[in-house]
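User: I should like to examine how the descriptive terms applied to this model are justified. Please set each value against its criterion.

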Amino acid sequence: MNKETEQILTELERIVVERQDWLFRFAYMRIGIREDAEDVVQDALLSVFRRLREKTQMDSVEQYVIRAVSNACTDYLRRKPLRLVPIDKAGQVAVGEGDRQIHEEFLRVNRLLDSLPPEQSEIVRLKCYDDLTFKQIAELQGIPEATAKSRYRYAIIHIQQRINNKGDTRYERV
């Protein structure tokens with residue numbers, strides 16, 4: 001193994017140690033099922049590791065890992081048939097006690113984000129939940145930074161309008 005490959009693998013190991021919980025949350029907020037989110041993150045990390053062994057060129061290992069997890073979530077959602085649960089029954093879905101808080105947060109956020117166009121809701125997730133900069137979001141999405149900012153702005157305006165709509169109780173806290 002050459003010096004450059006060793007450095008990249010060391011960087012991957014650092015990312016896994018420091019960002020594993022963040023990566024899980026990233027996947028969970030998109031998928032909503034703990035076990036599947038864990039599997040998606042693990043599969044994405046294995047895929048990145050294989051690519052590193054094949055000496056795939058990458059500018060930023062961390063950006064590459066985030067993109068791999070994001071793509072894995074998208075692939076998962078395409079393959080997995082949707083199991084629709086009426087919103088009034090969502091609180092009854094079996095959730096372990098340790099996952100209750102994150103599951104309730106997932107439900108609240110998704111109620112709001114489901115009303116947005118998908119490209120806007122993903123920008124909000126990346127910015128608010130994943131704490132990425134607009135530059136990182138633009139790179140991840142393959143769009144100009146100004147587009148990422150404007151999609152975020154329009155999404156926030158839309159969310160604020162929904163929350164401020166006094167007669168709309170669908171978005172109250174669980």
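Analyst: The answers below concern a predicted model and take up helix packing, cysteines and a loop proline in turn.

User: Why is H1 called oblique to H4?

Analyst: Helix H1 (residues 3-31) and H4 pack at an angle of about 55°, their axes lying 9 Å apart. Angles under 35 degrees count as roughly parallel and those of 65 to 115 as roughly perpendicular. The angle of about 55° falls in neither range, and therefore H1 is oblique to H4. The crossing in which H1 passes H4 is right-handed.

User: Which residues make the contact of H1 with H4, and what is their character?

Analyst: H1 contributes Arg25, Tyr28, Met29 and Ile31, while H4 contributes Ile102, His103, Glu105, Phe106, Val109 and Asn110. These residues divide into 6 nonpolar, 2 polar and 2 charged. Tyr counts as nonpolar under the classification used.

User: What makes H3 oblique to H6?

Analyst: The axes of helix H3 (residues 61-79) and helix H6 (residues 134-141) come within 10 Å and cross at roughly 60°. Since roughly parallel requires under 35 degrees and roughly perpendicular begins at 65, the term that applies to H3 and H6 is oblique. H3 passes H6 in a right-handed crossing. On the H3 side the contact involves Gln63, Ile66 and Arg67, and on the H6 side Gln136, Glu139, Leu140 and Gln141. The division here is 2 nonpolar, 3 polar and 2 charged.

User: Why is cysteine 73 called buried, and how is cysteine 128 classed?

Analyst: Cysteine 73 has a relative accessibility of 2%. Buried means under 20%, so cysteine 73 meets the criterion. Cysteine 128 has a relative accessible area of 43%. That value lies between 20% and the 50% above which a residue is exposed, and cysteine 128 is therefore partly exposed.

User: How many disulfides does the structure hold, and by what criterion?

Analyst: The structure holds 0 disulfides. The criterion asks for a pair of cysteine sulfur atoms within 2.5 Å.

User: Where is proline 117 found, and what makes it partly exposed?

Analyst: Proline 117 is found in the loop between helix H4 (100-113) and helix H5 (118-129). Its relative accessibility is 32%. Because buried ends at 20% and exposed starts over 50%, proline 117 counts as partly exposed.

User: How far apart are proline 117 and alanine 155 in sequence and in space?

Analyst: Proline 117 and alanine 155 are separated by 38 residues in sequence, and their C-alpha atoms are 8.4 Å apart.

Methods. Residues numbered from 1 in each chain as written. Predicted model: local features only at pLDDT ≥ 70, side-chain atom pairs only at ≥ 80, totals over all residues. Heavy atoms only, no water. Helix = DSSP H or I, 4+ residues; strand = E, 2+ residues; numbered from the N terminus. Buried < 20%, exposed > 50% of the residue type's maximum accessible area, 1.4 Å probe, protein only. Axes fitted to C-alpha atoms, helices over the stretch in contact; angles between N-to-C directions. Parallel < 35°, antiparallel > 145°, perpendicular 65-115°, else oblique. Left-handed = near helix turned anticlockwise from the far one by under 90°. Contact = heavy atoms within 4.5 Å.
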